[in-house]
Protein chains: 2
Amino acid sequence: MANKNLPRPTEGELEILQVLWALGPASVRQVNDALSANRSVGYTTTLKLMQIMVDKGLLARDTSERTHIYRAVVAERDTRQNLLQNLVDQAFGGSAMDLVIQALGSHRATPEELEEIKALIERLEKDE
Amino acid sequence: MANKNLPRPTEGELEILQVLWALGPASVRQVNDALSANRSVGYTTTLKLMQIMVDKGLLARDTSERTHIYRAVVAERDTRQNLLQNLVDQAFGGSAMDLVIQALGSHRATPEELEEIKALIERLEKDE
DNA sequence: TTTGATTTACGAAGTCCTTCGTATATACTT
DNA sequence: AAGTATATACGAAGGACTTCGTAAATCAAA
């Protein structure tokens, strides 16, 4: 029975998760190549971080071949949810709606996005 | 001209900022008492953290009396904005609207809040 | 086969964050 | 005045995070 009380990923770990969410299961080499497209990072740095993430339970790996294949254990949506909840609690006094209002007010949204949000609100109001 | 490139506050620093935003300028004793209402924290721990925050430019202090009085240099709204932007960049691929949609969909909102958000959207649509 | 490339494992350095003990100075109380 | 309480300053320990060097094993190429 897997323990689902996984730790919140750090910034560096989040970068690796993004890559694995995009690529699916991948080797250290593949992840490091993807990270290297954005910034300079040593191969063993990426390796070490991914090994630590396995220890933490954030990643799992297949070691049946010489080149180990890693995959994300945590889902992107769940991770986003945890980080969101964390920010709401820490900086918005627990009010997710305060966060929504500030995000809406300070970031440019396209008309399509605004329509999508309106539709979502309609649905929420019906559920009440 | 003050340099406004202030660092992102840590979790512990954010707790102290919340207190100072609520109380206004206050002593270490007052801040520590407020923090102690929620969790056990030593007086010198709070003192040290607040001194570090002065070094970083997050707080300013009046040392004209024996008991120094500290105040937040950064505004609550600006800090929220920075943390929000950070989360959007790190976990939502830069899309603030993806964040809004996830927050709306996964947190309970009161009808009043939904009305407020709808009104905000109406205003945004007129500005387009 | 020998050489070079790739991969994993291990450990250690450096930084940042949190926490607290101790020393020193100042104010208050009796 | 003596002793107690309160405040600041300083340093250091411990943990977490990031980074990388080096060693050992495996594979590929000359």
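**Entry 1: who sits around strand C**

I began with DNA strand C and found 23 residues surrounding it, the closest being Arg29(A), Tyr43(A), Arg66(A), His68(A) and Thr10(B). A reminder to myself: this is a predicted model.

Next I sorted the residues of this surface by character. I got 5 nonpolar, 9 polar and 9 charged.

Which part of strand C does the protein meet, backbone or bases? Of the strand C atoms within 4 Å of the protein, 63% belong to sugar or phosphate, and the rest belong to bases.

**Entry 2: elements facing strand C**

I then looked up the helices. In chain A, helix H2 (28-36) and helix H3 (43-56) each supply at least two residues of the surface near strand C, and in chain B helix H1 (11-23) and helix H3 (43-56) do so too. H3(B) gives the largest share, with 6 residues.

**Entry 3: polar contacts to strand C**

I picked out a few atom pairs here. For a base contact, I noted Lys48(A): a polar side-chain atom of this residue lies 3.2 Å from a base nitrogen of strand C.

Two phosphate contacts come from chain B. Gly42(B) uses a backbone N or O atom, 3.3 Å from a phosphate oxygen of strand C. Lys56(B) uses its side chain, with an N or O atom 3.3 Å from a phosphate oxygen of strand C.

**Entry 4: over to strand D**

Which residues come nearest to DNA strand D? I found Gly12(A), Arg29(B), Tyr43(B), Gln51(B) and His68(B), out of 23 residues around this strand. Sugar and phosphate make up 66% of the strand D atoms that come within 4 Å of the protein.

I sorted this surface by character as well, and the residues near strand D divide into 5 nonpolar, 9 polar and 9 charged.

**Entry 5: polar contacts to strand D**

I wrote down two phosphate contacts from chain B side chains. Arg29(B) has a side-chain N or O atom 2.6 Å from a phosphate oxygen of strand D. For Tyr43(B), the distance from a side-chain N or O atom to a phosphate oxygen of strand D is 2.8 Å.

I also checked a base contact: an N or O atom in the side chain of Lys48(B) is 3.2 Å from a base nitrogen of strand D.

Last, the elements. Two or more residues of the surface near strand D come from each of helix H1 (11-23) and H3 in chain A, and helix H2 (28-36) and H3 in chain B. Here the largest share, 6 residues, belongs to H3(A).

Definitions and conventions:
Residues are numbered from 1 along each chain as its sequence is written. Chains are lettered from A and ligands numbered from 1 in the order in which they are written. This is a predicted model: local features need pLDDT of at least 70, side-chain atom pairs count only at pLDDT 80 or more; totals for chains, interfaces and linings use all residues. Side-chain values use heavy atoms; hydrogens and water are left out. A residue is near a molecule or strand if one of its heavy atoms lies within 4 Å of it. A polar contact is a pair of N or O atoms within 3.5 Å; within protein, one must be able to donate a hydrogen and the other to accept it, and residues adjacent in sequence count only if both atoms are side-chain atoms. Helices (H or I, at least four residues) and strands (E, at least two) are DSSP runs, numbered from the N terminus. Ala, Val, Leu, Ile, Met, Phe, Trp, Tyr, Cys and Pro count as nonpolar, Asp, Glu, Lys and Arg as charged, and the others, Gly among them, as polar.
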